[in-house]
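Here is a friendly set of exercises to work through with the structure open beside you. Try each task yourself before you read its solution.

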Amino acid sequence: MKLLKRIEEQITATGLPLVGVTLAAVPCPDTPVILTLHWHGFIKQKLADVESAQAVAYTPVPSSALQVNDRWDDLADVDQATLEAAWHMGAWDVQRAEQPACVRPGAKHTEPLVCMQAFGAYALRMRGHPLAVSEAPDADELIELAARRGYLMWLFRPVAGSIWSSVKDARADATLTPEGRRAGPCPYRVIRTAQSSPACDGQRRTVYRLGVPEDTARATENTL
């Protein structure tokens, strides 16, 4: 699953910095996954379509929801692909949320809306503009399946190609290159235990820490 390539292609195409990246999948092998890129940028709204006219309001650039049709056999495959993309783009961590079916008895009334948003479907609009632009022809079927079977959602905030590249705390990572990236394959692997292997039978959160603080790295060097 070549998530990194797709993310970098979108950054090049839009010319905008990222705020974060999310990925959503249902627990059914070989189903599409939805990759959503959240951009930092604003659309100027004017009273007249004239170049010299002043902007009267600013609306955030909508997120981009893309359908990824790569084949996979196990949710751990999607987990590993997300780790690889986050590693190369310099993310400090990857957060994975496991969500049960939202049509179950006792589910909170907000769960269906959260499920829709995970797959790039935003019911609300801001000043008439959509909050996400979707290129996911199977999104409706995936949302219906997620509502009945549950789903997983991953989130990471890259340093490379994002607004976080200028944040001092984000760059204080001993593993990052000057461009905010990491070289080589991701050294972390999916933890396969009953508590943290990918599943959709509860509301669990797993956090993979990828970075190493510079202060920690210096302390390790001094003890050698």
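**Exercise 1. A tyrosine in a loop**

In which loop does tyrosine 122 lie? Then decide on its exposure and find a partner that is far along the chain.

Solution. Keep in mind that this is a predicted model. Step one: tyrosine 122 lies in the loop between α3 and β7. Step two: its relative accessibility is 27%. Buried would need a value under 20% and exposed a value over 50%, so tyrosine 122 counts as partly exposed. Step three: serine 63 is 59 residues away from tyrosine 122 in sequence, with 10.0 Å between the two C-alpha atoms.

**Exercise 2. Aromatic rings**

How many aromatic pairs are there? Describe the pair formed by phenylalanine 119 and tyrosine 151, and place both residues in the fold.

Solution. Start with the total: ring centres within 6.5 Å make a pair, and by this rule there are two aromatic pairs. Next, take the geometry of phenylalanine 119 and tyrosine 151: the centres are 5.7 Å apart and the planes stand at 65°, so the pair is edge-to-face. The cut-off behind that step is an angle over 60 degrees. Now locate the partners. Phenylalanine 119 is in the loop between α3 (111–118) and β7 (125–126), while tyrosine 151 belongs to strand β10 (residues 151–156), so the pair ties together parts that are 32 residues apart in sequence. Finally, check the accessibility: both phenylalanine 119 and tyrosine 151 are buried.

**Exercise 3. A charge and a ring**

Which residue has its charged end over the ring of tryptophan 87?

Solution. Look at arginine 182: its charged end sits over that ring, 4.8 Å from the ring centre. The distance cut-off for such a contact is 6 Å.

**Exercise 4. An unusual backbone angle**

What is the sign of phi at aspartate 30, and where is this residue placed?

Solution. Begin with the background: most residues other than glycine have a negative phi. Aspartate 30 is not a glycine, yet its phi is positive, at about 65°. As for its place, aspartate 30 lies in the loop between β1 (18–25) and β2 (33–39). With a relative accessible area of 33%, aspartate 30 is partly exposed.

**Exercise 5. The core and the cavity**

Which residues touch the most other members of the largest nonpolar core? Then describe the largest cavity and its lining.

Solution. First, the core. It holds 34 residues, and Ile7, Leu18, Leu37, Val94, Trp154 and Phe156 touch the most other members. At least two residues each come from α1 (3–14), β1, β2, β5 (63–68), α2 and β10. The element that gives the most to this core is α2, with eight residues.

Second, the cavity. One cavity of 30 Å³ or more turns up in a search of the whole structure, and the largest cavity has about 40 Å³ of space. Its lining includes Val21, Leu35, Ala85, Trp154 and Phe156. β1, α2 (75–88) and β10 each supply at least two lining residues. Sorted by type, the lining has eight nonpolar residues, two polar and no charged.

**Exercise 6. Three more long-range partners**

Are valine 159, arginine 205 and glutamate 135 buried or exposed? Give a partner for each.

Solution. Take them one at a time.

- Valine 159, in the loop between β10 and α5 (168–171), counts as buried at 3% relative accessibility. Methionine 89 is 70 residues away in sequence and 6.1 Å away, C-alpha to C-alpha.
- Arginine 205, in strand β11 (residues 205–209), counts as exposed at 63% relative accessibility. Its partner methionine 153 is 52 residues away in sequence, at a C-alpha distance of 9.7 Å.
- Glutamate 135, in strand β9 (residues 132–135), is exposed, with a relative accessible area of 54%. Isoleucine 34 is 101 residues away along the chain, and 9.3 Å separates the C-alpha atoms.

Definitions and conventions:
Residues are numbered from 1 along each chain as its sequence is written. This is a predicted model: local features need pLDDT of at least 70, side-chain atom pairs count only at pLDDT 80 or more; totals for chains, interfaces and linings use all residues. Side-chain values use heavy atoms; hydrogens and water are left out. Rings of Phe, Tyr and Trp (its six-membered ring) pair if their centres lie within 6.5 Å; planes under 30 degrees apart count as stacked, over 60 as edge-to-face and the rest as tilted. Helices (H or I, at least four residues) and strands (E, at least two) are DSSP runs, numbered from the N terminus. Buried means under 20% relative accessible area, exposed over 50%, partly exposed in between (1.4 Å probe, protein chains only). A charge sits over a ring if NZ of Lys or CZ of Arg is within 6 Å of the ring centre and within 35 degrees of the ring normal. On a 1 Å grid over the protein atoms alone, a cavity is a set of points where a 1.4 Å probe fits but cannot get out, and a pocket is an open set with protein on both sides within 12 Å along at least five of seven lines; lining residues have an atom within 4 Å of a point. Grid points are joined across faces, edges and corners, and a volume is the space filled by probe spheres set on the points. Ala, Val, Leu, Ile, Met, Phe, Trp, Tyr, Cys and Pro count as nonpolar, Asp, Glu, Lys and Arg as charged, and the others, Gly among them, as polar. A nonpolar core is a set of buried Ala, Val, Leu, Ile, Met, Phe, Trp, Tyr and Cys residues joined through side-chain atoms within 4.5 Å.
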